[in-house]
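Student: Got a minute to go through this one with me? I'd like to start with how the chains touch.
Tutor: Sure, pull it up and fire away.

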2 protein chains.
Amino acid sequence: MQHFDLAVIGSGSGNSLIDERFSDWNVALIERDPVFGGTCLNRGCIPTKMFVIPADLAASPAEAKRLGVDLRREGSDWRAIRDRIFGRIDAVSAGGLDWRERSENVTVFHGEASFTGPKTLKIGDDEISADQIVIATGSRPRRLDLPGLDEVADLVYTSDDIMRIDKRPQRLVIVGGGYIAAEFAHIFGGLGTDVTLINRSDRLLRSYDREVADQFQHLLSQKVKLRLNQALSSVEREGDGIVVVTTDRNGIEYEYFADGLLLAIGRDRNSDALNLAAAGIETRSAGQIRVDAEHRTSAPGVWAMGDVSSDHLLKHVANAETRTVQHNLLHPDDLQETDYRYVPHAVFSSPQVAAVGATEEQLRQWGVPYVVATQRYADVAYGWALEDEGHFVKLLADPSSWHLLGAHIIGPQASTLIQPLIQAMSFGQRVPDLARGQYWIHPALPEVVENALLGLLAAHQPAELGK
Amino acid sequence: MQHFDLAVIGSGSGNSLIDERFSDWNVALIERDPVFGGTCLNRGCIPTKMFVIPADLAASPAEAKRLGVDLRREGSDWRAIRDRIFGRIDAVSAGGLDWRERSENVTVFHGEASFTGPKTLKIGDDEISADQIVIATGSRPRRLDLPGLDEVADLVYTSDDIMRIDKRPQRLVIVGGGYIAAEFAHIFGGLGTDVTLINRSDRLLRSYDREVADQFQHLLSQKVKLRLNQALSSVEREGDGIVVVTTDRNGIEYEYFADGLLLAIGRDRNSDALNLAAAGIETRSAGQIRVDAEHRTSAPGVWAMGDVSSDHLLKHVANAETRTVQHNLLHPDDLQETDYRYVPHAVFSSPQVAAVGATEEQLRQWGVPYVVATQRYADVAYGWALEDEGHFVKLLADPSSWHLLGAHIIGPQASTLIQPLIQAMSFGQRVPDLARGQYWIHPALPEVVENALLGLLAAHQPAELGK
C-alpha cells in the first residue's frame, strides 16, 4: 500500500489546493472522471457563461429595435459556438492534467475512490493510505426516476451533457426553477430555440428576494413559455422527438412536444460512492459531508470542502474554502474558518440577477428592523440610455447602524454592479458614507446603486434626503 | 431694483442647488439659454450616452461574429433615435423650467446676466441685487477661427448641435483627441458613418494613463480612420459637402472630403460675458473663476461652482460642488470643502475607459514608489466568455501602505467595474483586504479587478501570491 502525506479526492477545487506550498508533500490526487478539472471548468460556471454571451448577442435585436437600430439575427452556429467553447475548455482541462501528471510530488490516480478504513482509500486495484485526506468530490445534477425515461434517454439531458450536443433543439423543455434552469432557458431561448420552462412550484428563483424573483419570472415569461405548478409525470418518444407529460395540482395532464428535455431540478452531493462509513465520516440530511468551521470531518485527518460539504454550491465559495483548507493543512496549530457572512450569488440569465445578504422576507421572518429602497434603472441617466424597463436595485439596511443587510439587483450588469455592495457589507461600511463619501461617475450605471443608497437614507430621514 | 436673498446664474447644477432647504429664501435663477437645465442634460453627458447605447448595438455584429452569432445591421434610424432621445430630454427640460417657474420662492430670469457692481446683476432690462450670488454658468465647446469656416458654417458642428442634426452624415471628420471626440467617433462610427478623427498631437486621451491611451488609440483605429499630428488649416465647400484641409508637422497638406465637420477641441468656461470685473471677481489662466476651497470667489458673497470654476469638467464633480455650496450658503459659520481626492472619469466610447487616481506617468514624475499590475480581461473566465481581446485593468498601489494610487480600466463595463476601486481609494481600504476580504462572484466580470489586486500583491511578494 502506497502511503502519502496528503490524498485529495477530486480535481476541481481539489486540484487548486495543491499549490507550490505543498511541493515537499507527497500527494495523491484522485479523479474518477475522464475529464480533469471538475464541474466549474468542464460542465458548470465557465462553459455556461461562454454560451450566455452569444445568447445575449443573439437576443439583442429586440433591444436594438426599441432603440432605433435594426439588427437582424441571421442565425447562430451552434456547432461553431460549441466547438469554440469546448476547444478551449478541453485544452485547458487536458493541459491541467498533463501539468499535474508532471508534478514531481503529485501522483494522479484515475478512478473512483472509496474509503477502506479511517485513513485508507481504494481506487480500482490500488489501495493507498494518507496522513491527511481532503474530500472535494463536488456535486452532480440530480436525476429523476420517471416512467418512460429509459426509452428516451438519448433526448434527456442535464447540465452535464446538454452543452455538448451536436444540434441545438428546435424545441426544448426545461424542468426546474433554479438558476441552472434560468440560465439554460436564456442560452437556448436567446439562440432561437422554442423553450418551455416547467416548474413544480409556483415560483422561479425561490431563494431570491421575492420582488426580484417575481420580476425575473415576469420578464422571463416574455421570452420563454413558463408553465408553473406542474410536475413531470412521464415521458415518451414520438417520432424524432419526445412528449413530456405533466400534471398540475388538480390532476390535469398536459403534454409538451419537444426535441429534448433538460432536467435542471437540483444537484446532489458526490458523497454516496465514497464508502464514508468505513472511515467514520458523517453526512448531513442533504448528503453533505458534515464539517466543522475549520473543514474537519468527523474523522480525524479527513477534511472536506466545496460542493460535497458546503451549503453553498458556488465556485467562489469553494475557492475560499480551498484557501482555508490549504492554510489549515499547512498550519495545524492555527486553524482558520471560512467567512460565510456575505456570500454573493448571481444568475446569468436574461435578465441577470445578483444578490448578497438577506432577503426582505428573511428580515421580516427574523424580526430584524430594516429600511428598504428600490431604485429603478429607468430613473437614472444610464437607464434612460438603455431605455430600460423593469430592472431595479433593491437595498435593505439597518436604520440604526446604517449597515447594509441585503442587496438585490435585477438587470444589465447586475453581477458587476453588486461588487461595491459586497465590499461595503464585508467591511462594514455605512450607507451614508457609501452614498456620499465617494464619487459615482455620471452618467454611468452605478448611479443606480448610488440612488438606491440615497433612497435608503430618504426612506428613513426624509428631511435630509442624503444631500 | 429687485432684491433677492440669493441669485443663481445658470440652470444646470445651479438649478439643483435651489432645493427645499431654500424654500424660505427669495431666489433669482437666471438662464440665458432658451433651453433649461444646462449642458449635462441638454447637450452633454446624458444625450451622448443615449446615443452611445444604440451605437454599441449597431456595432455589435462584429463582436457577435467572433462568437458564432450572425447578426446583421440592416440600418439605424437616426431621426427616430434623435427624436426619441430629445423627445425625452426636451420634455424633462421643459418640465423642469415649468416646475421652477411655479416655485413660489424662485423668480426665473431669461437672459444673459452681467455684473454691474459687487452684488448687482443686469439681465436685459432687469437689474437685481442679491445678498448671495452663485455663478454656475458652465462651459461651452471651443470654437475655432479658420479660413473658410463662415462659408461652411452649416456643415460645421460642435457637441452642442451635432446630436440634433436631421441626417446622419455619410462621412464625418472629427477634430480633437479628448473624450468628446472619442465618444462621437464611436457614436457615428458605430451607427455606420465613415469617421475620420484628426488630432493635432500624436495621442488621444492624453490625460489618461499612457498604456490605456495607447491601447485605446490602437483599438479605435480599427474602427475609424485616425490621422494624428495634423492641424486644421482651412475648410471649403465642395458640392453638398466640405473639404477639410490639414497640415502635418512637415508642412504637408492633406484633404478630407466629408458631409460634416465636428469640432471637439476643448471647452471654454462661460466666464467671459459676466462682466466679472465690475464685481471684482478674478479668473484664472484658462478662464476659470478663481474660488477658494469653500467655493468663495474673490468677491464677498459671490460663489462659483461647476465647469465655470472647477478644474474638473464633470457633472459628478459639479454635483459634489453643488452640495458643498448648498451647505456653505446654509451654514455660513461651518464652511465645508469639496473632496477632490479621488475623482473618477470615464470615456463612453468603444472601448470604454474609466480611471481614478494617478497615472503611472504621474507617479514616476512625482517619484512616488509604486507597484503595478495589469490584468487582461482575456485571462479571467468572463473574459473567456467575451472572447475578449485587448482589454485590461491596470492598478497602481503603494507597496508599503497597500493603498491604491490609481486604477485604469479599458474594456466592457469599465465605468461600472471601477466603482469598487473608487470606493477602496475613497475609504482607504488596503489591497490585500480588498482582494481577499470579500467575495468576488465567479465567473462575473469583477474577477478581472480581483485578479489585478492579486497581481499587485504578487508583484510585490511573489511567495505569497495573495493566497
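Student: Okay, how many residue pairs are in polar contact between chain A and chain B?
Tutor: There are 29 residue pairs in polar contact between the two chains, counting pairs with both residues at pLDDT 80 or more. That cut-off is there because this is a predicted model.

Student: And what's the make-up by class on the side of chain A that touches chain B?
Tutor: That side of chain A has 48 nonpolar, 18 polar and 20 charged residues.

Student: Charged ones, right. How many salt bridges go across the interface of chain A and chain B?
Tutor: The rule finds six across that interface. One to look up is between the side chains of A:Glu387 and B:Arg84, at 2.8 Å from N to O.

Student: What about plain contacts, how many residues on each chain?
Tutor: On the chain A side 86 residues are in contact, and they meet 87 residues of chain B.

Student: And how much area is buried between chain A and chain B?
Tutor: About 7200 Å², with carbon and sulfur atoms giving 62% of that. In chain A, the residues that lose the most area to chain B are A:Trp384, A:Tyr439 and A:Ile441, which together make up 13% of what that side buries.

Student: How do the two copies sit relative to each other, what turn lays chain A on chain B?
Tutor: A turn of 180° does it, with a shift of 0.0 Å along the axis and an RMSD of 0.0 Å. The copies are therefore related as by a two-fold rotation axis.

Student: Which surface do they meet through?
Tutor: The same surface on both copies, because 100% of the interface residues of chain A are also interface residues in chain B.

Student: Is there strand pairing between the chains too? Which way does strand E3 of chain A pair with strand E3 of chain B, parallel or antiparallel?
Tutor: Antiparallel, over seven bridges, with residues 69-76 forming the strand in each chain. To find your place there, take A:Arg73, whose bridge partner in E3(B) is B:Leu71.

Student: Switching to sheets inside one chain. What's the strand order in the open sheet of chain B?
Tutor: Five strands, in the order E9-E16-E10-E11-E12, with parallel pairing. Strand E9 (156-157) and strand E12 (225-227) stand at the edges with a single partner strand each, so one side of each has no neighbour in the sheet.

Student: Zoom in on E10 and E11 of chain B for me, how many bridges?
Tutor: Five, in the parallel sense, between residues 171-175 of E10 and residues 194-198 of E11. B:Val173 has B:Thr196 as its bridge partner in E11(B).

Student: What holds strands together in a sheet, generally?
Tutor: Backbone hydrogen bonds, whether the strands run parallel or antiparallel.

Student: Back to chain A, then. What do E5(A) and E6(A) form?
Tutor: A hairpin with two residues between the strands. E5 covers residues 113-117 and E6 covers residues 120-123, and they pair antiparallel over four bridges. A:Ala113 is opposite A:Ile123 in E6(A).

Student: And how is E6(A) joined to strand E7 of chain A?
Tutor: By four bridges, again running antiparallel, with E7 spanning residues 126-135. A:Lys122 stands opposite A:Glu127 in E7(A). E6(A) and E7(A) form a hairpin with two residues between them, and A:Gly124 in the turn has a positive phi of about 60°.

Student: Speaking of backbone angles, what's up with B:Leu205?
Tutor: B:Leu205 has a positive phi of about 45° even though it isn't a glycine. Look for B:Leu205 in the loop between E11 and helix H7 (210-220) of chain B.

Student: Where are the cis peptide bonds I should check before setting up a run?
Tutor: One joins B:Ser350 and B:Pro351, with omega about 5°. B:Pro351 is in the loop between strand E19 (345-347) and strand E20 (353-357) of chain B. Another runs from B:His442 to B:Pro443, with omega near -5°. B:Pro443 is in the loop between helix H13 (431-436) and helix H14 (447-460) of chain B.

Student: Last one: what does B:Thr39 contact, beyond its neighbours within four places in sequence?
Tutor: B:Gly44, B:Ser139 and B:Arg267. B:Thr39 itself is in helix H2 (residues 38-42) of chain B. B:Ser139 is 100 residues away along the chain, yet the two C-alpha atoms are separated by 8.0 Å.

Definitions and conventions
Residues are numbered from 1 along each chain as its sequence is written. Chains are lettered from A and ligands numbered from 1 in the order in which they are written. This is a predicted model: local features need pLDDT of at least 70, side-chain atom pairs count only at pLDDT 80 or more; totals for chains, interfaces and linings use all residues. Side-chain values use heavy atoms; hydrogens and water are left out. Two strands pair if DSSP finds at least two bridges between them. Copies are superposed by least squares on the C-alpha atoms of residues with pLDDT of at least 70 in both. Contact means heavy atoms within 4.5 Å. Buried area is the accessible area (1.4 Å probe) that two parts lose on being put together, summed over both. A salt bridge is a side-chain nitrogen of Lys or Arg within 4 Å of a carboxyl oxygen of Asp or Glu. A polar contact is a pair of N or O atoms within 3.5 Å; within protein, one must be able to donate a hydrogen and the other to accept it, and residues adjacent in sequence count only if both atoms are side-chain atoms. Ala, Val, Leu, Ile, Met, Phe, Trp, Tyr, Cys and Pro count as nonpolar, Asp, Glu, Lys and Arg as charged, and the others, Gly among them, as polar.
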